[in-house]
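Dear colleague,

I am passing on the structure that we spoke about, and below it you will find my notes on what turned up. Please read them with the model open beside you.

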Amino acid sequence: MTGEFDLSNLDRQPFDEGFLGGPVYRLLDPSPDATLLRSLEEWAVAEAAVLVIARVDETKAGVFSDTGFRLVERLITYQRDLNHPAPGPSEPVRMAKETDIDGCAEIAQHAFSHDRYHADPMTKHVAADIKAAWTRNDLAGRADTCFVAERDQVVAGFNLCLLRDEVAVIDLIATAPNAQRRGVGRDLVRAALRHYIGRATTMRVGTQASNEASLALYESEGFQMVSRQSTFHLSAKAISR
Amino acid sequence: MSKPLKVGVIGLGVGEQHAISYNEIEGVEVVALCDIDPGQLTEVADRQGISSRHTDYKAITENPDIDIVSICSYDDHHVEQAISAFENGKHVMVEKPVALNRGDAERLLRAQQDSGKFITSNLILRHSARFKELKGWIDAGDFGDIVAMEGDYIHQILWKLTEGWRGKMDFYCVTYGGGIHLIDLMRWLIGQEVVEVTGMGNQILTAGTQYKYPDTIINLLRFDGGAIAKNMSILGPQRTQLHALNVYGTKKTFVNDTPNAKLFDGDDAANEHVVTTPYPGIRKGDLLPGFIDAIREGREPLVGARDIFRVMDICFAAWESVQSGRTVKVNYQI
């Protein structure tokens, strides 16, 4: 063993491991210092970790510069109080059914491009499959409520929401590539806001700073930015010794 | 925007990181991959989405559409592949060591010089933010004259010798694979040339294994400006990995460690200062953007032919000394 690391600082990621074929960990320390990152790098190399994920507040991201970690995402979290009304969707949005699962998974295969899996050359080959499986899991019961919008009688988008201690979280939301710019995303957000008013106190959603269409949508629907975080990936294979 | 540059990568262990780094540079595209292991070839090419896949390196080096070849194969394949690439007019990045003996190095240098194309190698410590800062201080005269240095490659990777491909090659030298980084770093930091080397090695850590050469080597180097240095390669230390570097000048002393280095400007406790600049902080493909810039601008890269072959000549002299038990003058071919 060349590296030592306090394992209580790491959380295994079995879902990711299923796709990446090796050990995947998430760093739990929200503000690691250089010493910790250094020992984590050494440990990750010794353990041949396929992936180590770290997410920190943007103001604390500087400590990652000049490390083996790669910046893969600037995550912006928005929040909206649910104590005031929201306008309704322009076209009907319905709850998802079991028969929607394949169609939604197909959309998930193609709709995402800004996320950390797509941004990392060591994970991008499985990024579409990860998003599709995630979508299936949410629709199969992980999510609290699943909304589906149609255009021309075909599923054009979905919004899968979790409920955590009176906070409704938009876990995954996507519009089919061929249905974009037709108000599908906005309808799905508004439907969720209407549904959760009275059921939760706030709605929260995370999106990437690079996803400008998404930022504009949330801001125009009354969401306010509550945090800016940076996500980093470390792959043992990428570190030079 | 200059013409897009097309890259082929041979050897997909570290080569995958080369491919990733090239693809992140605007106007550069990795168009073909090669590995002798079809399984590794498929896995990496699928992951990186590259369709042109080969098990014969000549499909890369002789491809007229390719401008740059990265050679990340086993060390004993570097020379023939790099020569083929130069003969076909490519710029070449070769993993270190570029060659395993003087004759091969001379043939490679000749091929490179005849081609008029650039060569670089992954002598990557120069890219570490902490060592760049140190070079800035030395160049500015803050250290005064450099008296002595110690630059050691301390890394527990014995399995690479006992189980990996290095141990299966006809010859391997830990100075060529490990200590070389610190030899390059020290030469670059102080801007002096090594004139003679004395080396000693032993084989205690890997005794009784398939590996048949010294696993630990210490070299002493004398520079033309008067500085002297020690360079150790130890691949089985009972400690965490470190590129140990101590630089003793007439005015200041630098001592590398993790996470922080120390800077001294005297012998009192108050003369000790902490250097927090990140170290090592380098990924495997970090020299490639600079190599691309150099190609586009028609100038020598940060690590160029003179650096690469001079450092190899020091390594050859060091190994000759280990074998002969005598001090060896370095004979530079460039």
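**Where the two chains meet**

About 2300 Å² of area is buried between chain B and chain A, and carbon and sulfur atoms give 49% of it. Please keep in mind that this is a predicted model. The contact draws on 26 residues from chain B and 20 residues from chain A. Across this interface the rule finds 2 salt bridges, one of which joins the side chains of A:Arg70 and B:Glu24 at 2.1 Å, N to O. There are also 6 residue pairs in polar contact across the interface of chain B and chain A. On the side of chain B that touches chain A, α1 (15–23) and α2 (38–48) of chain B each supply at least two residues, and the largest share, 4 residues, comes from α2(B). Sorted by class, that side of chain B has 9 nonpolar, 10 polar and 7 charged residues.

**The sheet of chain A**

In chain A, 10 strands form an open sheet with mixed pairing, in the order β1-β2-β3-β10-β4-β9-β8-β7-β6-β5. Why do β1 (10–12) and β5 (93–95) of chain A each have one side without a neighbour in the sheet? They stand at the edges with a single partner strand each, so that side is left free of a neighbour. Within the sheet, β7 (residues 154–164) and β8 (residues 167–175) of chain A run antiparallel and are joined by 8 bridges; A:Cys161, for instance, has A:Ile170 in β8(A) as its bridge partner. Helix α7 (residues 212–220) of chain A packs on the sheet, where it touches β4 (70–81), β8, β9 (202–208) and β10 of chain A.

With best wishes

Notes
Residues numbered from 1 in each chain as written. Chains lettered and ligands numbered in written order. Predicted model: local features only at pLDDT ≥ 70, side-chain atom pairs only at ≥ 80, totals over all residues. Heavy atoms only, no water. Contact = heavy atoms within 4.5 Å. Buried area = accessible area lost by both parts, 1.4 Å probe. Salt bridge = Lys/Arg side-chain N within 4 Å of Asp/Glu carboxyl O. Polar contact = N/O pair within 3.5 Å; in protein donor to acceptor, adjacent residues only side chain to side chain. Nonpolar A, V, L, I, M, F, W, Y, C, P; charged D, E, K, R; others polar. Pairing = 2+ DSSP bridges. Axes fitted to C-alpha atoms, helices over the stretch in contact; angles between N-to-C directions.
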